[in-house]
Amino acid sequence: MNVLVTGGAGYIGGHMVLALLDAGHKPIVFDNLSTGFRWSVPEGVPLVVGDIGDFELVLRTLQTYQIDAIAHFAAKLVVPESVTDPLGYYLNNTVKSRSLMAAAVAAGVKKFVFSSTAAVYGNTSDKPIGEDAPLAPLSPYGSSKQLTEVMLRDVAAAHDMRYVILRYFNVAGSDPAMRHGQSTANATHLIKVAIQTALGMRSHMEIFGSDYPTPDGTCIRDYIHVTDLIAAHMRALNHLDQGGESLVVNCGYGHGYSVSDVIETVRKVSGKPVEARFGPRRAGDPVTIVADSTRIRSRLGWQPRHDDLASIVDHSLRWESMLRERNLKL
Ligand SMILES: NC(=O)c1ccc[n+]([C@@H]2O[C@H](COP(=O)([O-])OP(=O)(O)OC[C@H]3O[C@@H](n4cnc5c(N)ncnc54)[C@H](O)[C@@H]3O)[C@@H](O)[C@H]2O)c1
Ligand SMILES: O=c1ccn([C@@H]2O[C@H](COP(=O)(O)OP(=O)(O)O[C@H]3O[C@H](CO)[C@@H](O)[C@H](O)[C@H]3O)[C@@H](O)[C@H]2O)c(=O)[nH]1
């Protein structure tokens, strides 16, 4: 398959590019390099530098490369930033996805895989959450993705298109062979921040909220290794290629860790101290989000292979150390 990977110069999309190459498909990266990196696109993989909201450029790209499927990763994704800049998030994530879908329809692309998020659920109980639960996002980021899901469903119903929507829980880790990882400057993700603190790149870090109704008072998340997440995407693509119907699936392991658990794991795996200070709650944060992953296992035959927080942290730590050495040399 010729697969257009929007956001393919970024963290998760970049892992998709590697998986497509490994499986003998042809990825074409479409990215505006706002948070992605030109250097991270493997040699020989076409990179179109542009915005997914540029209808003419997207359409030309779909036609030139005879694209069979779109894997749509391009987005802004920082929850607190979306709270202060909702218009920017609705524009980039929703309005521009509409333009991308319009180009896909115009070019006759029939398969669409979309990166959604557990943030569409909002506050959940402490039980794992299933795909049919009511959606009540707490942040403009979550809403921007929910609206895109609705649009994709309606577009697919009206045109000759099928989709898989993957609702990611918290993604971390890096390619175990260290070909790719999370390189975003100023990343705000918990595991990355804790690792940077362990490596001495930050003097300390903050724990956002200590009074949540959880056993240790900090928020609980379901952390999934990026390699398992990408395996789910490859299964989703094959499912669509074999004529499978449209699907919405959760991508998580079904159990969660608190912020304090994660920081303790980073201390253990790195063997370094991590100074963490309690601060106020952060806007837009749900208390607990853990996936019910029954559907993805039964419908796509997906089985996790890296369901181990210590190994997720180890892979992230190795990538961060490599990045740091390289940046020090530059
Ligand atoms: N990282 C997580 O924990 C997580 C969790 C749930 C969902 N997601 C989703 O996964 C996807 C990928 O996230 P990531 O962590 O790899 O982030 P990232 O910032 O590393 O990657 C996003 C990529 O999209 C590109 N991009 C953004 N807006 C664009 C536009 N308008 N046109 C063209 N390119 C554009 C960026 O340059 C970047 O390369 C996003 O859709 C995000 O919402 C991520
Ligand atoms: O320096 C930090 C960073 C984070 N946290 C906490 O750690 C948890 C996880 O935060 P973070 O890693 O920023 O992820 P989330 O805000 O849960 O969001 C991620 O996970 C969502 C799915 O659950 C995705 O949609 C988002 O794109 C992705 O950023 C939250 O309780 C944060 O308040 C801290 O206490 N200190």
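Modeller: Let's agree on contact before we start: two residues touch if their C-beta atoms, placed from the backbone, lie within 7 Å. The model is predicted, so local features need pLDDT of at least 70 and side-chain atom pairs pLDDT 80 or more, while totals for chains, interfaces and linings use all residues. Residues are numbered from 1 along each chain as its sequence is written, with chains lettered from A and ligands numbered from 1 in the order written.

Biologist: Happy with that. Which residues is Leu-152 in contact with, leaving aside its neighbours within four places in sequence?

Modeller: Leu-152 belongs to helix α5, residues 140–158 (helices are DSSP runs of H or I of at least four residues, strands runs of E of at least two, numbered from the N terminus). Its C-alpha atom is 8.8 Å from that of Ile-165, 13 residues away along the chain. Beyond the four places on either side, the contacts of Leu-152 are Met-101, Phe-112, Phe-114, Tyr-163 and Ile-165.

Biologist: Is Leu-152 buried or exposed?

Modeller: A residue is buried with 20 or more other C-beta atoms within 10 Å of its own, exposed with 12 or fewer, and partly exposed in between, the C-beta atoms being placed from the backbone. Leu-152 has 24 such neighbours inside 10 Å, so its class is buried.

Biologist: Phe-112 and Phe-114 turned up there. Which residues point the other way from them in β5?

Modeller: β5 covers residues 111–117, and seven of its seven residues are buried. Phe-112, Phe-114 and Ser-116 share one direction. Pointing the opposite way, and buried too, are Lys-111, Val-113, Ser-115 and Thr-117.

Biologist: Over how many bridges do β5 and β6 pair?

Modeller: Strands count as paired when DSSP finds at least two bridges between them. Lys-111 has Arg-162 as its bridge partner in β6. The pairing of β5 with β6 (residues 162–168) is parallel, and its bridges number seven.

Biologist: And which residue stands opposite Phe-114?

Modeller: Here we turn to strand β4, residues 69–72, which pairs with β5 in the parallel sense over four bridges. The residue facing Phe-114 is His-72.

Biologist: There is another sheet, of three strands. Which of its strands stand at the edges?

Modeller: This open sheet runs in the order β12-β9-β14, with mixed pairing. Two of these strands have a single partner each, so one side of each is left without a neighbour in the sheet: β12 (257–258) and β14 (288–289).

Biologist: What is the bridge partner of Ile-220 in β14?

Modeller: Ile-220 sits in strand β9, residues 220–221, which is parallel to β14 over two bridges. Its partner there is Thr-288.

Biologist: Let's zoom out to the domains. Which element gives the most to the side of domain 1 that touches domain 2?

Modeller: An automatic or database assignment sets the bounds: domain 1 is 2–172 + 223–251, and domain 2 is 190–221 + 254–291 + 305–329. The contact involves 23 residues of domain 1 and 19 residues of domain 2. On the domain 1 side, two or more residues come from each of α3 (79–84), β7, β10 (223–225), α7 (226–241) and β11 (247–251). With four residues, the top contributor is α3.

Biologist: Which element supplies the largest share of the shell around ligand 1?

Modeller: A residue is near a molecule if its C-beta atom, placed from the backbone, lies within 6 Å of it. The shell has 28 residues, with Gly-7, Gly-10, Tyr-11, Gly-36 and Ala-75 coming nearest. At least two residues come from each of α1 (11–22), α4 (86–107), β5 and β7 (170–172). The largest share, three residues, is that of α1.

Biologist: And which element leads around ligand 2?

Modeller: Of the 22 residues there, the closest are Thr-117, Ala-118, Leu-190, Phe-208 and Cys-219. Two or more come from each of α6 (190–198) and β8 (205–208). Domain 1 and domain 2 each give at least three residues. The largest share, four residues, belongs to β8.

Biologist: One last stop: which residues is His-180 in contact with, its neighbours within four places aside?

Modeller: His-180 lies in the loop between β7 and α6. With 22 C-beta neighbours inside 10 Å, His-180 is buried. Its contacts are Gly-14, His-15, Leu-18, Ser-40, Ser-174 and Asp-175.
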